[in-house]
Amino acid sequence: MIKKNPTFTNLAAGYLFPEIGKRRRAFAAAHPDADIISLGIGNTTEPLTPHVVEGLKKYVEGLGTPAGYSGYGDDSAGEPTLREKIASVLYKGLVSADEVFVSDGAKCDVGRIQQMFGSDVPVAVQDPAYPVYVDGAVMVGAAGKMPATDKGYQDIVYMPCLPENNFFPDLSVVKPNSLIFFCSPNNPTGAVATREELKKLVDFAKAQGCIIIFDGAYSAFIRQDGLPTTIYEIEGAKDCAIEINSFSKPIGFTGVRLGWTIVPKNLCFEDGTPVQNIWTRLTNTFFNGASNIAQAGGLASLEPQGLEETRKLVDYYLENAALIKKALEGENFKKAGVEVYGQGNAPYLWVRFPGRSSWEMFDKILEECHVVTTPGSGFGPAGETFIRFSSFGHRDAVIKACQRLSQLKL
Ligand SMILES: *Cc1c(COP(=O)(O)O)cnc(C)c1O
């Protein structure tokens, strides 16, 4: 018999979404007539927009002709036209095309990136956080050497992000030469770091030899003027930050699959090797490039008509979020001291139920409203007592869910 890689020994069970599914199924079995609505997962629900569909179609038709056919791309970093468009349209020239590495999605790159750093690098994460950062660190052996407790893994530095600190962490807990995972707009809290906050983060990383892995998967949801939509708006970020991003949420490519990662030319390892060299070596080994069809769709989304459609699509989810926020600010919630966080720059609302556990509230909302949510404790120890409400859903279902939430007895 072959032993498993020891890095998996202390990996906590993939607990959150399977457990949510289990409770939902048990409820549905006991109440076969209940019309269950999900405000739970971060998955898009609205159709692709016309200009993007046109881009996909044209490319597919081309593939069926001798002139339009193409196999593997010239390198795994993506079609030059798409890399150029991402740099000029989404980053307004703050990064250059040869710093853009097109991928099959942000999650995949979070996994690949950790392989560049291996098992000796200290890891710091926002708490609560997207679970992939921590699980990825455990799988490459950078964490999880010591068993997890109810406060998380002993060898990961959790940086609590709470209303009390405006969801921006105390960086002094981070060890020198750490990988710092930072997500803004944040999943699950919906908080967006201000320019001043990101400057603090960048200055800290530079002074302490850290690399920031900045996850901007929700940058298209930022509507408030003056909030940074990329870390490269901050001076010095190109010396200390990699940015991971995705077409999944803004253009509904969760199933089509397309993302990108920015690796700045100046970013180097301790021995002077450019991170780009290692990244290129790694991705050329394990990755043969994103689907050329998906890339054609992504390119169409960056043309003027595509950008206009994207804005409307994102607005749709933001309007859902505003409706849910209004319901959660109703009298029944107010009287119970419930706190609702969400500034209208993310598809999530982060809601604190003082004195109650996340799972207790999850069960109560499922049983009384027939609405599925996500318990905050699943995103990290600091998520306890919170619930995440997702605004991904069809409008009629969201309205119905809001009506039921208004009747919830707390
Ligand atoms: C949804 C999401 C992603 C997107 O991942 P893809 O693999 O591109 O679909 C990345 N980061 C966070 C925080 C997310 O919520």
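UniProt, in an unreviewed entry, gives the annotation "binding site" to Y15, G42, K107, Y130, N187, N288 and R388. Those positions stretch over 374 residues of sequence, and they are spread in space too, with up to 35.7 Å between C-alpha atoms. Keep in mind as you look around that this is a predicted model.

Let's place a couple of those residues. Y15 sits in the segment before α1. With a relative accessibility of 45%, Y15 counts as partly exposed. K107, on the other hand, has its place in helix α4.

There's a second "binding site" list in UniProt, also from an unreviewed entry: Y72, A106, K107, Y130, N187, Y218, S246, F247, S248, R257 and N288. This set spans 217 residues in sequence, and its farthest two C-alpha atoms are 33.8 Å apart, so the residues do not all gather at one spot.

**Around the ligand**

Now zoom in on the ligand. How many residues surround the ligand? There are 14, and the closest are Y218, S246, S248, K249 and R257. Sorted by class, this shell has six nonpolar, four polar and four charged residues. Two helices, α4 (106-115) and α7 (248-251), each supply at least two residues of the shell.

Y218 is a good one to find in the structure. You'll see Y218 in the loop between β8 and β9. Is Y218 buried or exposed? Its relative accessible area is 3%, so Y218 is buried. An N or O atom in the side chain of Y218 is 2.6 Å from an oxygen atom of the ligand. A nitrogen atom of the ligand, meanwhile, is 2.7 Å from an N or O atom in the side chain of D215. K249 joins in as well, with a polar side-chain atom 3.3 Å from an oxygen atom of the ligand. How much of the ligand does the protein bury? On its own the ligand would expose 390 Å², and the protein buries 94% of that.

**Salt bridges**

Next up are charged pairs. Side chains of opposite charge can pair when their charged atoms come close. In this model the count comes to 20 salt bridges. Here are some of them, with the distance from N to O:

| Pair | Distance |
|---|---|
| K22 and E19 | 3.6 Å |
| K265 and D98 | 3.2 Å |
| E233 and R195 | 3.0 Å |

Take K22 and E19. Both belong to helix α1 (residues 16-30), and because they are three residues apart there, about one helical turn separates them. E19 is buried, at a relative accessible area of 12%.

The pair K265 and D98 is another story. K265 lies in the loop between β10 (259-262) and α8 (275-286), while D98 lies in the loop between α3 (80-90) and β2 (100-103), so their salt bridge ties together parts that are 167 residues apart in sequence. K265 is partly exposed at 40% relative accessibility, and D98 is partly exposed at 39%.

Then there's the pair of E233 and R195, with its closest N and O atoms 3.0 Å apart. This pair also links distant parts of the chain: E233 is in the loop between β8 (211-215) and β9 (241-246), R195 is in helix α6 (residues 195-208), and the two are 38 residues apart. E233 has a relative accessible area of 27% and is partly exposed. R195 is partly exposed as well, with 34%. Some salt bridges also share partners, and this joins E19, K22, R23 and D363 into one network.

**Backbone details**

Finally, follow the backbone itself. Where does the chain have a cis peptide bond? One runs from D127 to P128, with omega near 10 degrees. P128 lies in the loop between β3 (123-127) and α5 (132-139). Another cis peptide bond joins N187 and P188, where omega is about 20 degrees. P188 is in the loop between β7 (179-183) and α6. You've already met N187, which appears in UniProt's "binding site" annotation.

Two residues to check for their phi angle are N177 and H370. N177 is not a glycine, yet its phi is positive, at about 55 degrees. Look for N177 in the loop between β6 (156-160) and β7. H370 isn't a glycine either, and its phi is positive, at about 60 degrees. H370 is found in the loop between α12 (358-369) and β13 (371-372). With a relative accessible area of 23%, H370 is partly exposed.

Methods:
Residues numbered from 1 in each chain as written. Predicted model: local features only at pLDDT ≥ 70, side-chain atom pairs only at ≥ 80, totals over all residues. Heavy atoms only, no water. Near = heavy atom within 4 Å. Polar contact = N/O pair within 3.5 Å; in protein donor to acceptor, adjacent residues only side chain to side chain. Areas by Shrake-Rupley, 256 points an atom, 1.4 Å probe, with all protein chains shown as cover. Helix = DSSP H or I, 4+ residues; strand = E, 2+ residues; numbered from the N terminus. Nonpolar A, V, L, I, M, F, W, Y, C, P; charged D, E, K, R; others polar. Salt bridge = Lys/Arg side-chain N within 4 Å of Asp/Glu carboxyl O. Buried < 20%, exposed > 50% of the residue type's maximum accessible area, 1.4 Å probe, protein only. UniProt positions renumbered as here; feature names shortened; annotations may be inferred.
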